[in-house]
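Please look through the structure shown below together with its sequence. The paragraphs that follow lead from a pair of helices to the ligand and then to a single residue.

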Amino acid sequence: MQTRPPIPNPEDYGIDLRTGFVPSQSVELPAYYAPWRDLCSKMPELLQKQTARSAIDALDILDTKHLATLAHWQRAYILLGYLSQAYIWQDRSIPSSTVPASVADPFLKACDHLGMQPVLSYAGSSLWNWEPNGRHHDENHHTSGTAASSCPDLADFSTIKCYTTFTGTRDEDSFNLVPSMVEAESGRLIPLLLNALDLVHQHQVQQKQQQPGVFLHLLPVLEECTRTLTKMHEILSVLFDNCDPSVFHQDIRPMLAGSAAAEDKGLPAGVTFQCSDGSRVVAKCVGASAGQSAFFQFLDHMFGVQHESKFLVSMRAYMPRQHREFLGAVEKLPSLRDIIDARSPTPTTTTTTDRDQTLVTAFHAVLEAFRLFRTRHIAIVSRYIVQPVAAEARRLRAEGKPTTEARGTAGSKPVPFLKQYRDETVLR
Ligand code: HEM
């Protein structure tokens, strides 16, 4: 009998079977943590008045022992991640190279618990950072440790907002939550694709390759992938409609900056977290970026898309441990591409059937939809990074000041990097 590594159960990795890496419920922290929540809800004002640092300095050091569930730890990570970014970047001309114990102590514990780097990353700014905004949900009151809404409407931007932001604007809500909407829409592809692999394997074990079973299982799965990728592409419009590029460039993006390669921003030695027991943790981390999404790396593997650059593999260090481990388990499995390739005509085989050809055509459609998604994402990067940075460079040059080049928050030279990723999303 053929053996293959076990198909991972997504739920063992904290993945929701409907909404994928995005939690399907919004949870509030126990009342004990109200001081963190209160500061974060005043964040736009604190940053505007430049009083975030003094407010954080005055915070008591709270104990993490009341964090009872994974969702609690995720919420704590968000609040403390935002507080640490606010502390560092409140005054961008003189960033703080230290974070005090009121944030450092519990933040380092939350990062350790979740298996994350000590920096606000994509899971905190986007995946876990949503709550109902009360427009369509009656039960939008939060109770300690319980679901605020059993029916989240992650498909409708008007019904959700961020749990925490720097600016309190819909621009920032949309920047953070459009990736969550995209991932929630496509989350069901995770069990769908894994189940399809399992079924194909069972047929192969039973020596039924030539029977219609594989075809009947795979074709609807491939068609669903194409439909979903097309929907994901459409959801990107929410960003264009709600996020003003200048608000993003001036007010949001600088607050997400990391401490790696930040010499020109005034952080030559990274950031030091100063703990109450006298210990110090020095971090040089990149900032939050959807480049830290596990979902797209899952899709790449499932569709057999290979990338020359290992940049996104390096971004796994910034994912929660469970997401990283899920990718590790998935990568031991064959891809759908391996299965389709085995059925495609080659110069030496003439035995493919009409059904095999239909599968190959359906697979081409999946890759084309994925490629189009990546093409639209490049248009986003041009609008929200390249054009504002170029406009700023023109202004600085006119003033005789030095200019900086466009970089992603995760540190890439975005356009060439993302074009290469897009161009690799094809059947070779
Ligand atoms: C204003 C909005 C956005 C900007 C400025 C932006 C920028 C970037 C940049 C610069 C990168 C390269 C990595 C880095 O250095 O950070 C990146 C990667 C990536 N972004 Fe975005 N992004 C935006 C919105 C989105 C949205 C809405 C999604 C949807 C989930 C998304 C998904 C991705 C993915 C999956 C990658 C990894 C590359 C890939 O797999 O193709 N981004 N983004």
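In this predicted model, helix α7, which spans residues 170-186, packs against helix α11, residues 245-252, with the two axes 10 Å apart and at an angle of about 90°. With that angle, α7 is roughly perpendicular to α11. On the α7 side the contact is made by Asp171, Glu172 and Phe175, while α11 contributes Val247, Phe248 and Ile252. Sorted by class, this contact of α7 with α11 holds 4 nonpolar and 2 charged residues, and no polar ones.

Turning to the ligand, there are 28 residues around it, of which Ser289, Ala290, Gly408, Ala410 and Ser412 come nearest. Helix α7 appears here again, since the elements giving two or more residues to the shell around the ligand are α7, α16 (354-398) and α17 (414-423). The largest share of that shell comes from α16, with 6 residues. In terms of class, the shell around the ligand is made up of 19 nonpolar, 8 polar and 1 charged residues.

Helix α16 also contains Ala362, whose surroundings can be followed in some detail. Is Ala362 buried or exposed? Ala362 has 19 other C-beta atoms within 10 Å, and because a residue counts as buried at 20 or more, Ala362 is classed as partly exposed. Leaving aside residues up to four places away in sequence, Ala362 touches Leu219, Leu222 and Glu223. Ala362 and Thr226 are 136 residues apart in sequence, yet their C-alpha atoms are 8.3 Å apart in space.

Note on methods. Residues are numbered from 1 along each chain as its sequence is written. This is a predicted model: local features need pLDDT of at least 70, side-chain atom pairs count only at pLDDT 80 or more; totals for chains, interfaces and linings use all residues. Axes are lines fitted to C-alpha atoms, for helices over the stretch in contact, and angles run from 0 to 180 degrees between N-to-C directions. Helices (H or I, at least four residues) and strands (E, at least two) are DSSP runs, numbered from the N terminus. Angles under 35 degrees count as roughly parallel, over 145 as roughly antiparallel, 65 to 115 as roughly perpendicular and the rest as oblique. Two residues are in contact if their C-beta atoms, placed from the backbone, lie within 7 Å. Ala, Val, Leu, Ile, Met, Phe, Trp, Tyr, Cys and Pro count as nonpolar, Asp, Glu, Lys and Arg as charged, and the others, Gly among them, as polar. A residue is near a molecule or strand if its C-beta atom, placed from the backbone, lies within 6 Å of it. A residue is buried if 20 or more other C-beta atoms lie within 10 Å of its own, exposed if 12 or fewer, and partly exposed in between; C-beta atoms are placed from the backbone.
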